[in-house]
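Here are some friendly notes to read alongside the coordinates. They start with one helix pairing and then work outwards to the rest of the chain.

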Amino acid sequence: MSDIEDVWRHQNAVLRDDVINTIMPETMALWSKKNADYEGQLMFLGKRGQFSDINRKFWKLKKALWDGQDLGFESAEEVCMDMIGHLLMTIHMLRQEDDSAAATVGRLKDDLRRALQDAPDEKMVIGTTDHPCPATLDPVVPHDWWQPQAGDNRKWCKVCGMQRVL
């Protein structure tokens, strides 16, 4: 084995140690802090939303690393950490595809069905209206709504469970 190979192996060992013991914990701490600010909203647009965020960060990073521009607010390191966070969330979403939107809608329907069973029929007013229902692929579709009591201004979509105040 040559001296250069020994140097490469040593440098690779130092790199692995730094990534595992320093960079990843720092990255996860930053991600955790930023993620807490969003309170679950990051999942709303799913993997396409993550792709959009990764793409936005990519071009920011390109400006810093390739074009030599100052980013001002964020450092190139923080942009990299953000990208890692978005990539990890994307991996999570890809793994959750078995728990697809249909399964989510199924759970919402089950929850709504249970709520409907608990509501007395005589106190329920049902109507139909159009709304952007996340449970369907069509942006605006007619759906039945239920209302727990006559005179209550809150209504819920029977398909997705979305609440409206009328």
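1. Helix H1 (residues 3–38) and helix H3 (residues 76–95) are a good place to start: their axes come within 9 Å and cross at roughly 75°. Angles of 65 to 115 degrees count as roughly perpendicular, so H1 is roughly perpendicular to H3. Please keep in mind that this is a predicted model.

2. Which residues make the contact between H1 and H3? From H1 come Met24, Glu26, Thr27, Met28, Leu30, Trp31, Lys34 and Asn35. H3 contributes Glu77, Glu78, Met81, Asp82, Ile84, Gly85, Leu88 and Met89. Sorted by class, the contact has eight nonpolar, three polar and five charged residues.

3. Thr27 is a residue of helix H1, and you may like to look at its surroundings. Its relative accessible area is 1%, so Thr27 is buried. Setting aside neighbours within four places in sequence, Thr27 is in contact with Met81 and Ile84. Both of these partners appear on the H3 side of the contact listed above.

4. Trp31 also sits in helix H1. Is Trp31 buried or partly exposed? With a relative accessible area of 29%, Trp31 is partly exposed, because buried means under 20% and exposed means over 50%. Not counting residues up to four places away in sequence, Trp31 touches Gly85 and Met89. The C-alpha atoms of Trp31 and His86 are separated by 8.8 Å, although these residues are 55 apart along the chain.

5. On the H3 side, Asp82 is worth a visit; this residue lies in helix H3. Asp82 has a relative accessible area of 9% and is therefore buried. Beyond its neighbours within four places in sequence, Asp82 is in contact with Leu30, Lys34, Lys57 and Glu74. Of these partners, Leu30 and Lys34 belong to the H1 side of the helix contact.

6. What are the buried residues of H3? They are Val79, Met81, Asp82, Met83, Gly85, His86, Met89, Thr90 and Met93. These buried residues pack against H1 and helix H2 (46–65). As general background, an α-helix has 3.6 residues a turn, so residues three or four places apart point the same way.

7. His92 is another residue of helix H3. Its relative accessible area is 39%, so His92 counts as partly exposed. The C-alpha atoms of His92 and Lys47 are separated by 9.2 Å, with their positions 45 residues apart along the chain.

8. A word on helix geometry. H1 has 36 residues and spans 50 Å from its first C-alpha to its last, close to the 52 Å expected at 1.5 Å a residue. Where is the kink in H1 centred? It is centred on Val19 and amounts to about 40°. For H3, with 20 residues, the reach from first to last C-alpha is 29 Å, close to the expected 28 Å.

9. Finally, the chain as a whole. There are four helices and four strands, and from the N terminus on the elements run α-α-α-α-β-β-β-β. Of the 166 residues, 23% count as buried. Among contacts between residues at least 6 apart in sequence, 45% join residues at least 24 apart.

Definitions and conventions
Residues numbered from 1 in each chain as written. Predicted model: local features only at pLDDT ≥ 70, side-chain atom pairs only at ≥ 80, totals over all residues. Heavy atoms only, no water. Axes fitted to C-alpha atoms, helices over the stretch in contact; angles between N-to-C directions. Helix = DSSP H or I, 4+ residues; strand = E, 2+ residues; numbered from the N terminus. Parallel < 35°, antiparallel > 145°, perpendicular 65-115°, else oblique. Contact = heavy atoms within 4.5 Å. Nonpolar A, V, L, I, M, F, W, Y, C, P; charged D, E, K, R; others polar. Expected span 1.5 Å × (residues − 1). Bend = angle between axes of the 7 residues up to and from the residue. Buried < 20%, exposed > 50% of the residue type's maximum accessible area, 1.4 Å probe, protein only.
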